[in-house]
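Colleague: Could you walk me through how to read a ligand site and a cavity?

Modeller: Sure, let's open the model and start with the ligand.

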Amino acid sequence: MSNSIVILTGAGISAESGLGTFRDEGGLWAQHRIEDVATPEGFARNPKLVHDFYNARRAQATKAHPNAAHHALAELEAKFPGTVLIVTQNVDDLHEKAGSNNVLHMHGTLHGALCDACGTRWTAPVTMMTEDPCPSCKKQATRPDVVWFGELPYGMERITEALSQADVFVSIGTSGEVYPAANFVSEADMFGAHTVELNLEPSSGASRFAETHFGSATQVVPTWVAEELARTI
Ligand code: APR
């Protein structure tokens, strides 16, 4: 019986809630240049373009509803006798809306604002502008509290510790294209965890997983959660 499960989620788990993925056909990186909207250099060059990009995603995420995959993971956390940690690359709050509590946003969140001058964080307004004064230092240096390319993801020490203790590591709805998340499967495997990929199609790292199930998240995730709970009850 496992008593510690670490779950990595990516944009694919939110696709059926209507939120775009990045690298699927017509995805976000087909519509916007990463260097323009997801790098510190892009923000310095044109902060309004970056705020427009995240304001649009924040408005969409605010209206989005969790799907059966998010709800299944919340049920797992509620009923599983051990610990369940969701490490998400997603900046939406659909895991929380579904009732998951133990969620770590390694790429930050659309609902956070960060002062580029003093590092203060606060809850983001739906529409964010650079001119919004920081509640602490009053400087007009507001940015979304999301992790851009070239920046350190959040919570890495906690993630490494959780992977070292995990009995099961599950990767859901991620292409396995972005590090360090793409290496979590190897870290978990090295520490002896059973590794599972649940994805629409094989990710770049599919061959590194001991178990894989392919299909839409709203199908394969509830099925896997039911089987995992049956194993432990
Ligand atoms: N059900 C399950 N999986 C799905 C579904 C679905 N309905 N739709 C798409 N997928 C899968 C795709 O097959 C793909 O493997 O989800 C994955 C989405 O991959 P990406 O678009 O690359 O998104 P992600 O892996 O989360 O990207 C990681 O890259 O650009 C950065 O910061 C960004 O957090 C993001 C990171």
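Modeller: Of the 23 residues around the ligand, Ala 11, Phe 22, Arg 23, Thr 174 and Ser 175 come nearest; a residue is near if one of its heavy atoms lies within 4 Å of the molecule. This is a predicted model: local features need pLDDT of at least 70, side-chain atom pairs pLDDT 80 or more, while totals for chains, interfaces and linings use all residues. Residues are numbered from 1 along each chain as its sequence is written, and side-chain values use heavy atoms, with hydrogens and water left out.

Colleague: Which side chain has an N or O atom 2.6 Å from an oxygen atom of the ligand?

Modeller: A polar contact is a pair of N or O atoms within 3.5 Å. Here, that 2.6 Å partner is Thr 174. The side chain of His 107 has an N or O atom 3.0 Å from a ligand oxygen, and for Asn 199 the distance is 2.9 Å. Taken alone the ligand exposes 730 Å², and the protein buries 93% of that (Shrake-Rupley method, 1.4 Å probe).

Colleague: And how do I find a cavity?

Modeller: Rolling a probe the size of a water molecule over the atoms shows where empty space is left. On a 1 Å grid over the protein atoms alone, a cavity is a set of points where a 1.4 Å probe fits but cannot get out.

Colleague: What is the volume of the largest cavity?

Modeller: About 110 Å³, taken as the space filled by probe spheres set on the points, which are joined across faces, edges and corners. Of its 16 lining residues, Ser 171, Gly 176, Ala 181, Ala 182 and Phe 209 are closest to its centre; lining means having an atom within 4 Å of a point.

Methods:
A polar contact is a pair of N or O atoms within 3.5 Å; within protein, one must be able to donate a hydrogen and the other to accept it, and residues adjacent in sequence count only if both atoms are side-chain atoms. On a 1 Å grid over the protein atoms alone, a cavity is a set of points where a 1.4 Å probe fits but cannot get out, and a pocket is an open set with protein on both sides within 12 Å along at least five of seven lines; lining residues have an atom within 4 Å of a point.
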